[in-house]
Every structure is written in structure tokens, then in C-alpha cells.
Amino acid sequence: MSMNSIKVESVSFRYSKESVIENLSFEMKKGDFVGILGPNGSGKTTLIRLLLGFLKPEKGKISIFGKNVFKARELIGYVPQKLDIDRSFPGTVREMLELVKSKSGNEIINLMEINQLFDQKFVELSGGQQQRVITAMSLLKEPEILILDEPSSGIDVKGQTKFNDLLSRLNAEKGVTVLLISHDVNLVSKYAKKALCVNKGHYCFGATKELPKFIKETFGKDYKFYPHYHGDSH
Amino acid sequence: MFQYAFVQKAFIAGILVSITTALLGVILVQKKLSLLGDGLSHAAFGGMAIGLLFNINPLLSALTVAIIASIGIEKILDKIKSQGDAAIAVILSTGMAIAITIIGLIRGFNVNLFSFLFGSILSINNFDLMLLIVLSVLVIGTILIFRKQILFLILNKELAELNGVDTKKINYTIMILSALTVILAVRAVGILLVTGVIVMPALAALQISKSFSDTYKKTIAISLFGMVGGIMLAILFDLPPSGIIILTMTAILLITFFLKK
């Protein structure tokens, strides 16, 4: 039996009076690629913040490789939706990568195809290149789990495809567990092995093949999408 | 001009203030806290008034109040999140209110208090110079030690925390360093212009720098040039140093805007 990488047991969370997550349970195995789908305000980002230990569940328990989330932070790589910097940020790719204590520098840098970008300012890169640099920063500490919060937002289609293909390779070749938040049903159905649909207290979790059923149950029967299932194009 | 002791002291003080404000300026501009110096200097003004009222060295009372104010700003920031300008406004007004009330109590505007408003780098005494040396070493040393953690925090607070950076400790460190730097700079350019020496060299360097470390180096160079050049011009033409220092820095900033085009 493969080991649980993430175990969420009956977790609830509310911001003052508004309940955002209610009694959510799911388990991810090592090497899983899970896509989290849900509309704005459905609790996707709150769930990520709970997994990273930036928020504390009101009820329930979260464990990562059997450890409490704070003790498991070493094992997690996180790619935020955006950084806190603006166009005036002068840092280069090299300066950013040097911030992370690297265990396997060159391999990750080659995989993310950023070796030519070292001396460029981060803010002068394209959206796709920036996303690959942030992901490389997260991967340098060789995490067991990679959590990405809508990494493709603001990136052109070509950049998105390249980035998502890299994620797929990372999952398949390195066995990194991937948890990807997205608005894009097609992206999740094409790349993820499993999906978690989230909509304010309604949840469905399972293989991406069941996405049409999950979507009807969580988002309503009028929600339309045209999926590629995982494995169709790989 | 260098044969006079007061000129020598002014240049030593100017060099120390330049390096310290340059390093801090890069951090504050990148953390979108450019007006922090303004808030802290006004709080320090209240502290100076307290010092004059109770016959304590005004720089020491200002230093104490500025440190308390810096911690206060971080506490307010933590409470109201993201509204840095509002937190600074609260501390700025409170500090100024204390100063105005005390000025009323001591019936009139003390000459010393006036010199803190507009700066008086040419009248720095030995005690002030010793205090400047100690504070500069403390600020420069701390920034050098924590430079990587500070850069990580500027990039993204959550990423920094996940990589083992104690972001709360670094935020408070930056605040206290800002308080110390403001006290250093107030003696040179005065409360009303302190933000200029902190922000303008960093802003100018950002227009022409190639990396984060290059920004630090260019900010120090611009700050030194503005400060030393400003003091020399002020002595040569018998003009107020604080005004000339800031005008020199404004000219450099305009040139860098032009160079960027």
C-alpha cells in the first residue's frame, strides 16, 4: 500500500462568521497529481493556506507524510499565484535561486530550462519564464510535494503548455506529488490523475475520469466543459 | 575647508548617514514603505521635545521614541494588514501632536528643536558623532547579516516562511533599523527632509541597476555623492546644507530618469 502524502480529515474553517470549508476529507498518495477545481471564493486558496500551515483548521486534522503541517514544511515546495514585488524589483534570477539552500541545483535548473536566464532581471522575463523560475526555487529544496496556486494565470497559451508539460514530467519522472489549483477544467482533466472539486462546503474527490459527474454534483448541471482525460495525449 | 574640525565632523557624519540611509532605502522602497522615514522622524520630533522638556539629551529621547514608534507601526500593520500608509499616518500625527503640545508647554520654539526640524550637520558635536558611529555600525552590520532573509521577505512572505525565514523577526528588525537610521539622518538633514535622503538615492539607483546587489552599490554611491557634494556646495555658497543635499539628490534622480529613457 502506498503512503499517504496528504491526509485531510473532517477539516472545517471559517473567516469570522463565513464558513469557507466544511467537513472536508481526502487523501493523496505519494506521486499523485491532483487538480483542485472551483469558482472564485469556493475555498481553494483557503485550503492551500491550511495545508501550508498559514491558517489553522477550526475542526479536523491535516497531516503530511504523517507529520503535523509545521513539521512537514521542509517537505513542501510552494508556487504562489504571484510574488509581492512590482516592476521596480531589481533582483536577477541568480540572486533569487541563491536564496534557497539547494540540494540538486543543476538538475532542476536544466529541467525548468532556465539556465540561459541567470543574469536577467526577474521582472524582465515573460510570464512563463517567471513561473518556471519560481517553480525552480520551490524545487531546489527537493520537496516531496509541490503545491501550485493557479500557476498559469497571466501566461500565454504556449507558455502554459510548456509549464504544464514540465509539471507532468516532474510528477512522472521524479515522483513529486503535485497539487495544482486551477480554474481550468481542461487543464486539470488533461494533466491531473485525480481531481478535487470544491464549492463552499460541497466536495467531490476521485479520478479525473469522473470529472463530469463531480462537476454536476458540485457546480450544478448547467456547468459545461470539454475535457481531455489524463493519458489522452501523453 | 577641511582644516576646520566642524567640517571634518560634518563629512564623517555625512558619509555614515549616506551609507546607512542608502542600504535601508533600498529595502523600504522595495517593501513599499517609502514614507516610513517620515512617520518615524515626526515621532522622533515628539521624542526630542520630550527630551528638551525634561532636560535629557534630545537625540537619546528621540531614539527611544522612534524605536517605540517603529514597533507600534509594525503592530498596527500586523493588525490592519497591507495598509502601511495608514499605520504611518497614525504614528506621524501622534508624534507631531506630542511635539506641538510640548512646544506650547515650554512656551515657544526652542532653538535646538528648530535645528532638528531643518538639520544642522555643520554643528554636530562629539557626542552626536559617537552616537552616529555606533548606530551606523549597528544598522549596516544587521542589514549585511540579514540581507538574504530580507530579500526573501521582499519577494514573498509565504515563500520566505516556508524556507525557514522568521518573517516576523525580520519585519521588526527592519522597523527598528529604520528608527535608528532616522535618528542618524535627522541630525544631517532634519525631520522635514529625512525621507528624501532615504528614498531618493534608492529610487535613482533602481532606474539604472542590473541586479539587487548592484542596486545597493549604486544607491550608496549616489547617496555619498549627494551628501558630500551637497555639504561642499553648502559650505562654498554659505547655504543651508540640508536643502542643498536634497536638491543634489533630486538632480541625480532626474538624471537617472533621463538615462533610463
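The following conversation works through strands, nonpolar cores, salt bridges and a surface patch in a predicted model.

Student: Let us begin with chain A. In what order do the four strands of the open sheet run?

Tutor: The order is S2-S1-S4-S5 in chain A, and the pairing is antiparallel.

Student: Which strands stand at the edges?

Tutor: Strand S2 (18–29) and strand S5 (67–68) of chain A do; each has a single partner strand, so one side of each lacks a neighbour in the sheet.

Student: And how many bridges join S1(A) to S2(A)?

Tutor: Eight bridges link strand S1 (residues 4–15) of chain A with S2(A), and the two run antiparallel. Within S2(A), A:Lys29 is the residue opposite A:Asn4.

Student: What about S3(A): which strands does it pair with, and in what sense?

Tutor: S3(A) pairs in the parallel sense with strand S8 (residues 177–182) of chain A, over five bridges. Four bridges also join S3(A) to strand S9 (residues 194–199) of chain A, again running parallel. A:Gly35 faces A:Leu180 of S8(A), and A:Ile36 stands opposite A:Leu196 of S9(A).

Student: Is strand S3 of chain A mostly covered or mostly open, and which way do the residues point?

Tutor: Strand S3 (residues 33–37) of chain A is mostly covered, with five of its five residues buried. A:Phe33, A:Gly35 and A:Leu37 point one way from the strand, while A:Val34 and A:Ile36 point the other way.

Student: Changing topic: which residues touch the most other members of the largest nonpolar core?

Tutor: They are A:Phe89, B:Met48, B:Ile73 and B:Val197, in a core of 135 residues. Helix H9 (residues 167–189) of chain B supplies the largest share of this core, 13 residues.

Student: What does B:Val197 touch, leaving out residues up to four places away in sequence?

Tutor: B:Val197 is in contact with B:Thr21, B:Ala185, B:Val189, B:Met227, B:Ile245, B:Ile246 and B:Met249. Another core, of 33 residues, lies apart from the one just described; A:Phe26, A:Leu50, A:Val69 and A:Ile147 are among its members.

Student: Now the charged pairs. How many salt bridges does the structure hold?

Tutor: There are 11 over all chains. One of them brings together the side chains of A:Asp32 and A:Lys194, at 2.9 Å from N to O. A:Asp32 sits in the loop between S2 and S3 of chain A and A:Lys194 in strand S9 of chain A, so the pair ties together parts that are 162 residues apart in sequence.

Student: Is A:Asp32 buried or exposed?

Tutor: A:Asp32 is buried, at 8% relative accessible area, whereas A:Lys194 is partly exposed at 21% relative accessibility.

Student: What does the salt bridge of B:Glu158 and A:Arg49 join?

Tutor: B:Glu158 lies in helix H8 (residues 157–162) of chain B and A:Arg49 in helix H1 (residues 44–51) of chain A, so this pair joins two chains. The N to O distance is 2.0 Å. B:Glu158 counts as buried at 18% relative accessibility, and A:Arg49 as partly exposed at 26%.

Student: Finally, the surface. Which residues form the nonpolar patch in chain B?

Tutor: B:Leu53, B:Phe54, B:Ile56, B:Leu60, B:Leu105 and B:Phe127 form it, with about 550 Å² of accessible area together.

Student: Where is B:Leu60 placed?

Tutor: B:Leu60 belongs to helix H3 (residues 58–80) of chain B, and counts as partly exposed at 34% relative accessibility.

Definitions and conventions:
Residues are numbered from 1 along each chain as its sequence is written. Chains are lettered from A and ligands numbered from 1 in the order in which they are written. This is a predicted model: local features need pLDDT of at least 70, side-chain atom pairs count only at pLDDT 80 or more; totals for chains, interfaces and linings use all residues. Side-chain values use heavy atoms; hydrogens and water are left out. Patches are made of residues with over 30% relative accessible area and no salt bridge: like charges are joined within 9 Å, nonpolar side chains (Val, Leu, Ile, Met, Phe, Trp, Tyr) within 5 Å. Accessible areas come from the Shrake-Rupley method with a 1.4 Å probe; for residues, only the protein chains shown count as cover. A salt bridge is a side-chain nitrogen of Lys or Arg within 4 Å of a carboxyl oxygen of Asp or Glu. Buried means under 20% relative accessible area, exposed over 50%, partly exposed in between (1.4 Å probe, protein chains only). Two strands pair if DSSP finds at least two bridges between them. A nonpolar core is a set of buried Ala, Val, Leu, Ile, Met, Phe, Trp, Tyr and Cys residues joined through side-chain atoms within 4.5 Å. Contact means heavy atoms within 4.5 Å.
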